[in-house]
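Student: I would like a close look at a single part of this model, taken slowly and with the surrounding detail that helps in reading it.

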Amino acid sequence: MMIACRQTVFVGIRRMFHRSSVMGVVMKEEKLDDFNVKNEPVLGYLPGSKERKELEAALEEMSSKVEDVPIIIGEKEYRTKEVKHQVMPHDHKKQLAKFYWATPDLVEKAICVAVETQPKWDAVPMAERIKIWMRAADLMAGKYRMQLNAATMLGQAKTIIQAEIDSAAELIDFIRLNAYFAKEVMKYQPISEDPKTTLNLMRYRGLDGFVAAVSPFNFTAIGGNLAYTPALMGSVTLWKPSDTALLSNYLIWKIMTEAGVPPGVVNFVPTDGPVFGDTITASPHLAGINFTGSVPTFNRLWGQVGKNINKYRNFPRLIGECGGKNYHFVHPSANVESVVNGTIRSAFEFCGQKCSACSRMYVPESLWPKIKNGLIEIREKLKVADVKEFDAFTSAVIDDKAFNRIKGYIDHAKSSDNLEIIAGGKYDDSKGYFIQPTIVQTKDPLDKIMTEEIFGPVLTIYVYKDKDVENTLKLVDSSTSFALTGAVFAEDKSFLEHAFEVLKNSAGNFYINDKSTGSVVGQQPFGGARMSGTNDKAGGPHYVLRWASPQSVKETFVPLKEWKYPYMSK
């Protein structure tokens, strides 16, 4: 969500010398336009508004056809016999896109094309790459905004606001702000104590080889970030999009290409997951994996890299974000209204399919009656429907696999003596993969419904005795293997300070009196540790450096005339 504010100042790569006094400088100066950024506004889509009419037209047009999406390697398009279709989750008989799975040979071909392209792309000045990214962001903010949102709504079943904050605002932010961070990185140069004698410089190279980008269904913006941030820094990628986010991801590829990203820099390679993983990890040219998805898949990739470690030209960089079992912890001093509203949004927006969605909640006995009534009252008002019904709060889950997995946890709650469904619990996949927002109360804080990632609209609550607040706080930290997001609600400042330390390692994104979802690029860089991932903080200033290979350069202009050190004299 970034808008560039250009200035006429040149920052470039700063040089600590006078050109007239230094001859034959090898590393040439690169000047970069300085600019600042601010978050892209989220449009309102109020009835009768211009943007609402434009979106309705885009939805109508996109839902009336099936887009043919090829495999794209370099300048060529490929279509195989393995034909697949992306359907609308809320109306799964309707096809949105036709696409093709790449064979192992095509994945190998993509690797060859990418590796051949890398040195050429890396030679393109950073200033030119930044201009391409800024053009792309402008295209996303204007010409293609409604197409991106429509593809995300229809293909991933996001409501209008959830699409707007993802496929428009957040995607634009990733593109613009990462360009800003790359420019800021280039400002740093090492100390040169006497630049007339010796000049010390830093050059930022792309990774030698290729990066494999594996993106998820749940955020269109993540696909753009995973595939294109390495490219911004001079690296090249093989992008395996999610089958269930295929169309929106393809639109990103087309926009970036229109903006000026050359063929072969980002190769669009839909394929079977194991085929992709097996092929890329077997290549000696693998330079990195940029991943968002499940723990088992990331573990498999990590294990394959370990098994093949002696094959590689470089140690591959492994960056992964793997979800969580995110919590809301409520203290007896908490504001009930804030707790209720924040939890409803965090747990049930986009059917709980955000990596950061609240899935477990800890509530004191003293506040439980009010919080329980508040949650149930609002939950009854939540409309679950087709995304084209703009008054819907949420829609369908992504596919049949998700539907059956989430249904399994609801059935577990229905059959367990330790669990009680206090709201929701219904599901129906006859037309779309619809699951009603479900609230469960548990007697056992370690039941699997409180410890395992569900990735669906199921919120489980453990009610603790007020006197057990300290033990319950420790339970939050120790119950699961994840550590992505968490929130503490309290008005007792001393308790907040205490919880801040006790829960230090429980979440990579920690919220105080706010819901566990809603991180914004540049405001709350995102990522968690433990089994939630490698915590490289996408949307922050350090992320771009994970995709660059810095080179320190020392150039000396005065001949070295002595081999002895002064202390060696008698």
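Student: Is the crossing of α4 and α5 left-handed or right-handed?

Tutor: In this predicted model, the crossing of α4 and α5 is right-handed. Helix α4 covers residues 145–156 and helix α5 covers residues 160–187, and the two pack with their axes 9 Å apart at an angle of about 130 degrees. Angles over 145 degrees would count as roughly antiparallel and those from 65 to 115 as roughly perpendicular, and α4 and α5 are therefore oblique to each other. On the side of α4, the residues that meet α5 are Arg145, Leu148, Asn149, Thr152 and Met153, while α5 contributes Ile160, Ala163, Glu164, Asp166, Ser167, Ala168, Leu171 and Ile172. Sorted by class, this contact of α4 with α5 holds 7 nonpolar, 3 polar and 3 charged residues.

A second helix pair can be set beside this one. Helix α2 (residues 104–122) and helix α8 (residues 273–282) have axes that come within 10 Å and cross at roughly 45 degrees, and α2 and α8 are therefore oblique to each other. The crossing in which α2 passes α8 is right-handed. Here Pro104, Val107, Glu108 and Ile111 of α2 make the contact with Val275, Phe276, Thr279 and Ile280 of α8, and by class the contact of α2 with α8 comprises 6 nonpolar, 1 polar and 1 charged residues.

Beyond the helices, 7 strands form an open sheet of mixed pairing, in the order β16-β19-β20-β15-β14-β22-β23. The edges are taken by β16 (419–423) and β23 (509–512), each of which has a single partner strand, so one side of each is left without a neighbour in the sheet. Neighbouring strands of this sheet are turned against each other by 20 degrees on average, with direction ignored. Within the sheet order, β19 stands beside β20; strand β19 (residues 438–442) and strand β20 (residues 458–464) run parallel and are joined by 5 bridges, and Thr438 has Val458 as its bridge partner in β20.

As for how far the coordinates can be trusted, the chain has a mean pLDDT of 94, and 96% of its residues reach 70 or more. Over residues 1–22, however, the pLDDT is below 50, although this stretch has 76 contacts in the model beyond near neighbours in sequence. Where pLDDT is low, the predicted coordinates should not be read in detail.

Note on methods: Residues numbered from 1 in each chain as written. Predicted model: local features only at pLDDT ≥ 70, side-chain atom pairs only at ≥ 80, totals over all residues. Heavy atoms only, no water. Axes fitted to C-alpha atoms, helices over the stretch in contact; angles between N-to-C directions. Helix = DSSP H or I, 4+ residues; strand = E, 2+ residues; numbered from the N terminus. Parallel < 35°, antiparallel > 145°, perpendicular 65-115°, else oblique. Left-handed = near helix turned anticlockwise from the far one by under 90°. Contact = heavy atoms within 4.5 Å. Nonpolar A, V, L, I, M, F, W, Y, C, P; charged D, E, K, R; others polar. Pairing = 2+ DSSP bridges. pLDDT = per-residue confidence, 0-100.
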